[in-house]
Amino acid sequence: MTLNYYAHATFAFAKAEIKILSKDMDYVVSIEDICFSDKSFDVITACQCFLYFNHETVMPKFYRMLRKGGNILVLYMAWLPFEDKIAGASENLVLKYNPNWSGAGGTIHPIDIPDCYKENFEFVHHEEFTIRIPFTHESWNGRMKACRGIGASLTKKEISMWEQEYRTLLKHIAPNEFDILHYGAIVELKKR
């Protein structure tokens, strides 16, 4: 059976979930509660969510669910606030409303893979790269509003106040269409 598998983070609840899509099923479950048959998958991907997993619980399940030589692909992407003026100003405004936000200050770095993976998986490849992603005022506002420093952390009233100030800021610092410098990172792990 071929399944399209992807994972995403549910930031509001700070728990990771997976969603399995195929012709026969469509459901969401906590990543720590996944339970598929042994050797069910050739590849498991985790995009933007790996850091939220309870790895001591999840790694043995991934190992069991992967076929021999199967892979885990971990992907991550974030804006670069110190290299991109618009991203930096945007992040500063998030910090004004949420000074304890832990997602600020991103820099290019490899994805951290917890030690518990080392015994059962071979680190095949990692790569970090920069990429410019196009946005408009509306789409960048939506992207920033969706970050866990705003959408998952603030009250509706605070979000409204932030958004009003943010739209004004964008009019002053960004043309109608612009690129934001991001970095992408990938790690490939292979089942031993």
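Which strand is the place of I131? The points below come back to this residue after a general account of the chain.

1. The model is a predicted one, and everything that follows should be read as a description of that prediction. The secondary structure of the protein chain comes to four helices and seven strands, and from the N terminus on these elements run in the order β-β-β-β-α-β-α-β-α-α-β.

2. As to burial and contacts across the chain, 42% of the 192 residues are buried. Of the contacts with a separation of 6 or more, 76% are accounted for by residues 24 or more positions apart. The chain exposes about 10,600 Å², and carbon and sulfur atoms supply 53% of that area.

3. The largest nonpolar core has 28 residues, and those with the most contacts inside it are F50, F53, F62, I72, I113, Y117 and F121. Two or more residues are given to this core by each of β4 (41-47), α1 (55-65), β5 and β7, with the largest share, five residues, coming from β7. Another core, of 21 residues, lies apart from it and includes I86, V94, I133 and W162.

4. Helix α3, which spans residues 137-146, has H137, W140, N141 and M144 as its buried residues. Because these residues cover an arc of only 105° around the axis, they are put on the same side of α3. They pack against β5 (66-79), α2 (85-97), β6 (121-136), α4 (156-173) and β7 (177-191), and the next point takes up the charged side chains that α3 shares with one of these partners, helix α4.

5. The count of salt bridges comes to eight, and one of them is the pair E138 and R167, whose side chains meet at 3.0 Å, N to O. E138 lies in helix α3 and R167 in helix α4, so this pair ties together parts that are 29 residues apart in sequence. R167 counts as partly exposed, at 31% relative accessibility.

6. The side chains of K145 and E163 also meet in a salt bridge, at 3.1 Å, N to O. Here K145 belongs to helix α3 and E163 to helix α4, so the pair ties together parts that are 18 residues apart in sequence. K145 counts as partly exposed, at 31% relative accessibility, whereas E163 is buried, because its relative accessible area of 15% falls under the 20% cut-off for burial.

7. Within helix α4, R167 forms a salt bridge with E163, the closest N and O atoms being 3.3 Å apart. These two residues are four residues apart in the helix, so they are separated by about one helical turn. Salt bridges that share partners thus join E138, K145, E163 and R167 into one network.

8. Two residues deserve a check of their backbone angles. Most residues other than glycine have a negative phi. K39, however, has a phi near 55°, a positive value in a residue other than glycine, and it is found in the loop between β3 (26-30) and β4. K39 is exposed, because its relative accessible area of 53% is over the 50% cut-off.

9. The second of these residues is Q48, with a phi near 70°, again a positive value in a residue other than glycine. Q48 has its place in the loop between β4 and α1, and at 26% relative accessibility it counts as partly exposed.

10. To return to the opening question, I131 has its place in strand β6. Together with M77 and F129, I131 makes a nonpolar surface patch of about 240 Å². I131 is partly exposed, with a relative accessible area of 35%, and it can be taken into such a patch because that value is over the 30% cut-off used for patch residues.

Methods:
Residues are numbered from 1 along each chain as its sequence is written. This is a predicted model: local features need pLDDT of at least 70, side-chain atom pairs count only at pLDDT 80 or more; totals for chains, interfaces and linings use all residues. Side-chain values use heavy atoms; hydrogens and water are left out. Buried means under 20% relative accessible area, exposed over 50%, partly exposed in between (1.4 Å probe, protein chains only). The arc is that of the directions from the helix axis to the C-beta atoms. Contact means heavy atoms within 4.5 Å. A nonpolar core is a set of buried Ala, Val, Leu, Ile, Met, Phe, Trp, Tyr and Cys residues joined through side-chain atoms within 4.5 Å. Patches are made of residues with over 30% relative accessible area and no salt bridge: like charges are joined within 9 Å, nonpolar side chains (Val, Leu, Ile, Met, Phe, Trp, Tyr) within 5 Å. Accessible areas come from the Shrake-Rupley method with a 1.4 Å probe; for residues, only the protein chains shown count as cover. A salt bridge is a side-chain nitrogen of Lys or Arg within 4 Å of a carboxyl oxygen of Asp or Glu.
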